[in-house]
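Hi everyone, thanks for making the time. I'd like to walk you through a structure that is new to most of us, so please have a look at it with me.

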Amino acid sequence: MMKPSFAHRLPSRLRFSRKFWAVAAAFAGSLGFLLFQGGKLALMLFVMMTILSVYLLLGQWSGIKRTQGVRTLSGGDYGSLLPAGSSLGVTIQLQIPGIWPIPYLFIKDRLYHKSGRELTFEATVVPDWRRRAEWEYRTPAMRRGRYTFGQTECVTEDVFGLFEHKGGLELPQSIAVLPQTVPIREWQQYNQMMKGTSHHSSTTRAVRETTQINGVREYIYGDRLSRIHWNATAKTGTWKSKEFERESLPKSYLILDRARQAYGDPDQFELAVSVAASLFQYGSERGLALGLVSTGADEVYFEPKTGQALYQAAQQHFIDVEADGAHDIRHVLKTKVHQLVPGSFVTLISPMSGEPMLQVLAWLKQQQMNPCHLWIGGTRGQEVWVKDLHARGVPCYAVRQLSELPGLLGGRKG
């Protein structure tokens, strides 16, 4: 076994580079020249080497290691939540203490995705006379997920480019990127199901109210006089109306297939997540009660409810969800069947087709469910599979691109 060299056995503070020894040798040579030769030339050379050596030595106290800064993010009106495909603007303002001249500053910023993918941004800036520097850059289009900023690295050199001085700046920040969504004007199949349960309107806003009072709400212009809650109005001094319970609707569930073996590439799963997020956005805008079943490395079940709380919880889930399930969608549904109410409208978001999916749909019908298949990325045999399911009384839509979703759900043939 080889023994470490003398240089490697020195403490870290005493280890110097070849450039250091070269400058030290030049200084020693100028000193020897002055001592043994003398004269004005030797003196001038020694003074110049002394000034140069002091300047290079003071670079160790350049202040780069004590750099302070602030990172500011700008992503439109979304704040810390960005939609997938958007670009994030980043501004870094730096303040370097000290008086040692800094000709330029090399900055490197890192952005880490939760999957381990790293984005690196680099630039060279020139500080002003107050030793302040500002750097602006934009990220490329960002994919769904959570991102965290790593250490911001600052590097400078002396005017001769001999020695490099580094400093690290910790500016911890994180951002979340939502899945890409598309606005849906109408979900025809859902509306037909509502009409099929003796409801006279295509949305739950027109669902008939019962005579059971459920609470008090703010007065809306056009409310009938009989709806006004006089006691609440007298107590608060503002107009209040009675809120009545609505007739119950069939439960509606979105089933997101997260089986790892079901997806051929990551973009296919991203499309599935975007479809689910778009449907939840549609339901939130129209006050629909949508539930969610999403089982992979973790198990997520959202009971069908209305309100922003459920929508926000679903959004947070869609940011982190991955195709990491070990079981197929049939196994997942069989473990959740006790939570699904008979008569529910079940939308399967999955790239599966053929006999395995036929067995799942037949089993759902046996459980008195109303299934619907959103076939993700279907290309080969598309017309055959869609027509086959329609012949069996199961609506099916082949979604190859997210932009196709509104037209398919709105009644255009899939």
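Let's begin with strand E5, where the side chains alternate along the strand. Leu119, Phe121, Ala123 and Val125 point to one face and are buried, while Glu118, Thr120, Glu122 and Thr124 point to the other face and are not. By buried I mean under 20% relative accessible area, with exposed being over 50% and partly exposed in between, using a 1.4 Å probe and protein chains only. Strands, at least two residues of E, and helices, at least four residues of H or I, are DSSP runs numbered from the N terminus.

Before going on, a word on where this comes from: it is a predicted model, in which local features need pLDDT of at least 70 and side-chain atom pairs count only at pLDDT 80 or more, while totals for chains, interfaces and linings use all residues. Residues are numbered from 1 along each chain as its sequence is written, and side-chain values use heavy atoms, with hydrogens and water left out.

Now, which strand does E5 pair with in a hairpin? That is E4, with four residues between the two strands. In the turn, glycine 116 has a positive phi of about 105 degrees. E4 covers residues 105-113 and E5 covers residues 118-125, and they are antiparallel over eight bridges. We say two strands pair if DSSP finds at least two bridges between them. As a reminder, strands of a sheet pair through backbone hydrogen bonds, either parallel or antiparallel. Looking across the hairpin, leucine 105 stands opposite valine 125, and phenylalanine 106 faces threonine 124.

E4 has further partners. With strand E8, residues 152-157, E4 pairs antiparallel over three bridges, and lysine 108 has glutamate 153 as its bridge partner there. With strand E7, residues 145-149, there are again three antiparallel bridges, and leucine 111 stands opposite phenylalanine 149. Why do I call E4 largely enclosed by the rest of the structure? Because seven of its nine residues are buried.

Next, a sheet of three strands. This one is open and antiparallel, with the order E1-E3-E6. Its edge strands are E1 (68-74) and E6 (132-138), each pairing on one side only. Neighbouring strands are turned by 15 degrees against each other on average, direction ignored. For such angles, axes are lines fitted to C-alpha atoms, for helices over the stretch in contact, and the angles run from 0 to 180 degrees between N-to-C directions. E1 and E3, residues 89-95, share seven antiparallel bridges, and here arginine 71 stands opposite isoleucine 92.

There is also an open sheet of six strands with mixed pairing, in the order E15-E14-E13-E16-E17-E18. E15 (299-305) and E18 (396-399) stand at the edges with a single partner strand each, so one side of each has no neighbour in the sheet. Here too, neighbouring strands are turned by 15 degrees on average, direction ignored. Five bridges join E14, residues 290-295, to E15 in the antiparallel sense, and threonine 295 has glutamate 299 as its bridge partner.

What packs on this sheet? Helix H6, residues 266-285, touches E13 (252-256), E14, E16 (345-350), E17 (370-376) and E18. The direction of H6 makes about 135 degrees with that of E17. Helix H10, residues 382-391, lies across E17 and E18 and runs at about 160 degrees to E18.

Within H6 you'll find glutamine 281, which is buried at 17% relative accessible area. Leaving aside neighbours within four places in sequence, glutamine 281 is in contact with Thr181, Val182, Pro183 and Tyr311, where contact means heavy atoms within 4.5 Å. Tyr311 is also one of the buried residues of helix H7, among them Leu310, Ala314 and Phe318. H7, residues 308-320, has 13 residues and reaches 19 Å from its first C-alpha to its last, close to the 18 Å expected at 1.5 Å a residue. That expected span is 1.5 Å times one less than the number of residues.

Finally, the cysteines. How many disulfides does the structure hold? Zero, taking a disulfide as a pair of cysteine sulfur atoms within 2.5 Å. For cysteine 372, the nearest cysteine sulfur is that of cysteine 396, 7.5 Å away. Cysteine 372 counts as buried at 0% relative accessibility, and cysteine 154 is buried with a relative accessible area of 0%.
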